[in-house]
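Reader: I would like a close look at a single part of this structure. Please take me through one strand, what it pairs with, and where the chain goes next.

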Amino acid sequence: MAEKSSASSLGDGAEVSSVVSIRPARTSDVAAMVDLIAPLVDRRVLLGKERVTLFESIQEFVVAEARDTGEVVGCGALHVMWEDLAEVRTLAVREDWLHRGVGSLLLTTLLGRAADLGVHRVFCLTFETEFFTKHGFTVVREPPVDPVVYAELLRSQDEGVAEFLELARVKQNTLGNTRMIIHF
Ligand SMILES: CC(C)(COP(=O)(O)OP(=O)(O)OC[C@H]1O[C@@H](n2cnc3c(N)ncnc32)[C@H](O)[C@@H]1OP(=O)(O)O)[C@@H](O)C(=O)NCCC(=O)NCCS
């Protein structure tokens with residue numbers, strides 16, 4: 001079933017919606033997601049994810065499927081961290097599909113998921129500052145949580161949360177990335 005997405009701020013999304021549909025990921029999409037993500041991991045743009053991690057977090061993912069071929073041409077995940085905080089992760093569009101609005105469609109769908117969950121602050125760690133700025137994200141220097149929540153988040157085993165908290169053991173993963181957040 002296609003997933004609803006709010007209209008993209010980069011156009012109304014109608015044109016791209018006629019060629020791709022956004023839907024919840026299925027376990028059978030993992031192979032295509034690995035192919036999509038691998039070159040970006042090699043370039044250190046995205047954090048590498050084990051196949052098992054993708055299966056374990058499959059419900060967090062949406063994919064963009066080309067309507068004509070059924071191929072997966074983009075993916076992205078929303079990971080809830082706390083009562084009013086989530087992270088957009090592993091947002092990726094296949095190289096031959098870039099700049100056609102697919103990334104915007106995926107992102108607005110993930111923000112819609114956050115709103116449905118009652119989460120109104122969404123974080124990302126990215127090199128794509130222009131793209132996220134166009135979608136209303138702003139740069140933050142520090143992890144935007146109070147000390148009590150920070151202490152609770154330290155109990156998480158999740159690598160992405162460790163990156164969010166800027167823990168020394170994952171510092172090399174996040175070099176050059178910008179920490180951004182949107183409140184809505
Ligand atoms: C970030 C990313 C997902 C964006 O994907 P995308 O599909 O190219 O995104 P969009 O097409 O919606 O928007 C990108 C650009 O295309 C433009 N655009 C969107 N629709 C368009 C259209 N129909 N025609 C022409 N241009 C269009 C946008 O204005 C935007 O312009 P910019 O390149 O000047 O910023 C993609 O670049 C990517 O996979 N990056 C690597 C992974 C990454 O860094 N992910 C984020 C951290 S998790």
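Author: What follows is a walk along one strand, its two partners and the helix after it.

The model is predicted. The part to look at is strand 4, residues 85-93. Buried here refers to a residue with 20 or more other C-beta atoms within 10 Å of its own. By that count 9 of the 9 residues of strand 4 are buried, so the strand is largely enclosed by the rest of the structure.

Take the partners in turn. Strand 3, residues 72-82, runs antiparallel to strand 4, and 7 bridges join the two. One place to find this pairing is Gly74, whose bridge partner in strand 4 is Val93. The link from strand 3 to strand 4 is a hairpin of 2 residues.

The other partner is strand 5, residues 121-126, which pairs with strand 4 in the parallel sense over 2 bridges. Here Glu87 has Phe123 of strand 5 as its bridge partner. Between strand 4 and strand 5 the chain passes through helix 4, residues 102-116, in a right-handed β-α-β crossover.

Helix 4 is itself mostly covered, with 12 of its 15 residues buried. Among them are Val102, Leu105, Leu106, Leu110 and Arg113. Its length can be checked: at 1.5 Å a residue, the 15 residues should span 21 Å, and because the end C-alpha atoms are 21 Å apart, the two figures agree. After helix 4 comes Gly118, which has a positive phi, near 85°.

Conventions. Residues are numbered from 1 along each chain as its sequence is written. This is a predicted model: local features need pLDDT of at least 70, side-chain atom pairs count only at pLDDT 80 or more; totals for chains, interfaces and linings use all residues. Helices (H or I, at least four residues) and strands (E, at least two) are DSSP runs, numbered from the N terminus. Two strands pair if DSSP finds at least two bridges between them. A crossover is right-handed if, with the strands pointing away from the viewer, the path from the first strand over the helix to the second runs clockwise. The expected span of a helix is 1.5 Å times one less than its number of residues.
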